[in-house]
Amino acid sequence: MLILCAIIIITTALISLGLFILADRAASAVISGFENNLEIVAFLEDGFNASTLKNVIIPNISNYPEVASVRLVTKEDAREELKKEVPELRDVFSIIEENPLPSSLRIKVKTPDTLAAVTDRMKKENGLAIEEITYGGENANSFLKASQKFRESSLFVLIIFIIASVVVIAATIRLTVYSRFNEIEIMRLVGATDWYIKWPYILEGIFLGVVSGALATLAVLFIKNGVFLELSKSFIFLKNIAEGVNIFDICWKLILVGILQGIIGAMFSTASVLSEKK
Amino acid sequence: MIEFSDVSKIYSNGVVAISDVSLRIEKGEFVFLIGPSGAGKTTLLKMVFCDETPTTGNVFVDGRNISKLRRSEIPYLRRNVGVVFQDFKLLDDRDIFENVGFALKVMGFAPQLIANQVNHVLEQVGLSTKKRMFPSQLSGGEKQRVCIARAIVNNPAILVTDEPTGNLDPYISWEIMKTIIDINNKGTTVIFATHNKDLVDRMRKRVLVLRDGRLTKDEPRGTFDFEENVL
């Protein structure tokens, strides 16, 4: 009965760990998506000097060490892009003669944290030709901060769960140790080393860890395939997570953590009992 | 050789179990340890196999100060000291063969060697026909002989017995005594703590008397006598 309680508690902690890994993957995927799409859009004034742009400004920006690429999007390019993205506007463009969309430079940087610096530099050095510079930095930054907070708070809860599991394992094994106290006493008196006495209990801890890890893997597999796939119908980024996460990658981590919990719990319980006697 | 040098033991509750005891027991010697209950006999015996450590003073076994042993070294000392208890300390869920072989198994001996050695000592204590019986199926005297067999199965240099005949009738007590004398005759040092006057008086071996933790008498061919004759 006690072993069953221990398995339930350890499994709960390991399921939390599995969900934490899944959530972390989801957050990473969203952040990665943001990062890949982050670009500086520098809208250009109508009637800009094309020669200055091609010969001076674009080469100048391309030479910034933080910049990965610079692409000129003309008014026509912008119109075609918009038609592709919003097919419903095709009719609107056929009615209006003048193209209201501005030309722009699309600049991709190598790392998202340089967006602000590159933007500032562009404004200072090339301000004359650039009307407005925008990037999704504010949204990206707030998401990064939110995901960081989520990770920290999840990690805190997770650590509490893992410590609780170790305590439960230690208490469970301690009871087994006490129930076999007579045998341990005889072992000590006939010359058994502490390690010889501890090994069976450490194996018991490992057994608890493996069983709980396997159960937690099944639960996480169910959550991934059931809950995540269902949610991915509404949140498209979850689709990649649900399909892309390798369950074996999570499985071995859960079992490993379970085993470590088992070993640490067994070591605590046997050490406290053995230390009562030489 | 066992030597106690100015040994005292005071427990954490303030009880003085052993007070300034010095004594020397030669290799192969047989010594009775007598005294009233609470005199410190068990504490003194426990110091021989490091189940207790002196508060002050030192205990030497074969010239080595065992009071200073590290925890990891104690098991190896115990493999050289057989211990027999009044309450047997047998494992009820294992048969006689397994109980005796347990000591060798703990030391990592091969199964064949364990079998040979266990059969040999069971023959020695007269229990070879009962090796597949469980402790609950044996009489008190037989249980004590199992305990002796377990204590000597790895040929220890020292045998410590704490009132091994305490719960046994006089006839069985003599059987146990004879078994232990046989072991002593093969060179094992024996310390025999007892309340059995008959055994001590008849054997006329060396007798150590403890009273209130003090060694009050040490006679080469002593009798069971608690008279005040402070050393």
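A few questions and replies on how terms apply to this predicted model.

Residues are numbered from 1 along each chain as written, and chains are lettered from A in written order. In this predicted model, local features need pLDDT of at least 70 and side-chain atom pairs pLDDT 80 or more, while totals for chains, interfaces and linings use all residues, and side-chain values use heavy atoms, without hydrogens or water.

Me: Why is Ile264(A) called partly exposed?
Reply: Buried means under 20% relative accessible area and exposed over 50%, with partly exposed in between (1.4 Å probe, protein chains only). Ile264(A) has 41%, so it's partly exposed.

Me: Which residues make up the nonpolar patch on the surface with Ile264(A)?
Reply: Trp252(A), Leu256(A), Leu260(A) and Phe268(A) join Ile264(A), with about 510 Å² of accessible area together. Patch members need over 30% relative accessible area and no salt bridge (a Lys or Arg side-chain nitrogen within 4 Å of an Asp or Glu carboxyl oxygen), and nonpolar side chains are joined within 5 Å. Ile264(A), at 41%, clears the area cut-off, so that part checks out.

Me: What makes E9(B) and E10(B) a pair?
Reply: Strands pair if DSSP finds at least two bridges between them. E9(B) and E10(B) have five, antiparallel, so they pair. Leu208(B) is bridged to Asp218(B), for one.

Me: How many bridges join E3(B) to E9(B)?
Reply: Four, in parallel, so the cut-off is met here too. Phe32(B) has Val207(B) as its partner in E9(B).

Technical notes:
Patches are made of residues with over 30% relative accessible area and no salt bridge: like charges are joined within 9 Å, nonpolar side chains (Val, Leu, Ile, Met, Phe, Trp, Tyr) within 5 Å. Accessible areas come from the Shrake-Rupley method with a 1.4 Å probe; for residues, only the protein chains shown count as cover. Helices (H or I, at least four residues) and strands (E, at least two) are DSSP runs, numbered from the N terminus.
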